[in-house]
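Colleague: I would like a close look at a single part of this model, the network of salt bridges and the sheet beside which you would discuss it. Please go slowly and explain each term when you first use it.

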Amino acid sequence: MDNEIFEALFEIVTFFNQPQQDRHLLQQANVPLEPAALPIVVRAGRQADISIGELADQIGRNHSSISRQVDKLVSAGWLREVDRRDQRVRLVALTQQGQRGLMQIKLAREAALRERLASYSNTDRAELVRVLQQLAGTLTGETADDYDEDDDDLK
């Protein structure tokens, strides 16, 4: 059974890591970003004042690649640099434009997921949320108490 869990997770990760999925999502959201920018914007929206190094680690790309993409997002008005206390660490955060764009992306993602899960009953959907949050907590070391029941994000 453990291998079946791994295989299912692998398929899910593969689905979400496909650039064509990001391209489609951005098109549905009517957001003018290149797919490589999407994980940066999403992570900057989840974690205020995130460093280039943290972004690179979380996304799995090298520091210089992320730094170049961040430069583009800063120039386009999606990100802003946060005042640096340490000149070695470059922190960024979403601008208001970035926050609006991220909201469009979230709405498009929710619509796409709702369409894909249309055949699931409300009970199945609630069970899926419960199990996925439990798995996320197990993998990250967070507890179920760290999740806000009214929101999909960590508290």
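Modeller: Asp71, Glu81 and Arg90 are linked in a network of salt bridges, where a salt bridge is a side-chain nitrogen of Lys or Arg within 4 Å of a carboxyl oxygen of Asp or Glu. This is a predicted model, in which local features need pLDDT of at least 70 and side-chain atom pairs count only at pLDDT 80 or more, while totals for chains, interfaces and linings use all residues. Residues are numbered from 1 along each chain as its sequence is written, and side-chain values use heavy atoms, with hydrogens and water left out.

Within the network, the side chains of aspartate 71 and arginine 90 meet in a salt bridge with 2.5 Å from N to O. Aspartate 71 lies in helix 5 and arginine 90 in the loop between strand 2 and strand 3, so the pair ties together parts that are 19 residues apart in sequence. Helices (H or I, at least four residues) and strands (E, at least two) are DSSP runs, numbered from the N terminus. Aspartate 71 counts as partly exposed because its relative accessibility is 36%, whereas arginine 90, at 14%, counts as buried. For these words the cut-offs are under 20% relative accessible area for buried, over 50% for exposed, and partly exposed in between, with a 1.4 Å probe and protein chains only.

The third member of the network, glutamate 81, leads into the sheet, since it stands opposite valine 92 in strand 3. Three strands form an open sheet in the order 1-3-2, and the pairing is antiparallel; two strands pair if DSSP finds at least two bridges between them. The edge strands are strand 1 (50-51) and strand 2 (79-81), each of which pairs on one side only. Strand 2 and strand 3 pair in the antiparallel sense over three bridges, and strand 1 and strand 3 (residues 91-94) do so over two bridges. In the pairing with strand 1, the bridge partner of serine 51 is leucine 91 of strand 3. As background, strands of a sheet pair through backbone hydrogen bonds, either parallel or antiparallel.

Which way do the side chains of strand 3 point? Leu91 and Ala93 point one way from the strand and Val92 and Leu94 the other way, and all are buried. In a regular strand the side chains alternate between the two faces of the sheet.

Helix 5 also takes part in another salt bridge, in which glutamate 34 is joined to lysine 72, the closest N and O atoms being 3.9 Å apart. This pair links distant parts of the chain, with glutamate 34 in the loop between helix 2 (19-29) and helix 3 (38-46) and lysine 72 in helix 5 (residues 63-75), 38 residues apart. Glutamate 34 is partly exposed, with a relative accessible area of 38%, and lysine 72 is partly exposed as well, at 47%.

A further salt bridge joins arginine 130 to glutamate 127, with the closest N and O atoms 2.8 Å apart. Both residues lie in helix 7 (residues 122-140), three residues apart, about one turn of the helix. Arginine 130 is partly exposed at a relative accessible area of 43%, and glutamate 127 is partly exposed at 39%. By the rule given above, the count comes to four salt bridges.

To set this part in its surroundings, the protein chain has seven helices and three strands, and from the N terminus on its elements run α-α-α-β-α-α-β-β-α-α. The C-alpha trace spans about 50 × 35 × 30 Å along its principal axes. Of the 155 residues of the chain, 28% count as buried. Among contacts (heavy atoms within 4.5 Å) between residues at least 6 apart in sequence, 40% join residues at least 24 apart.
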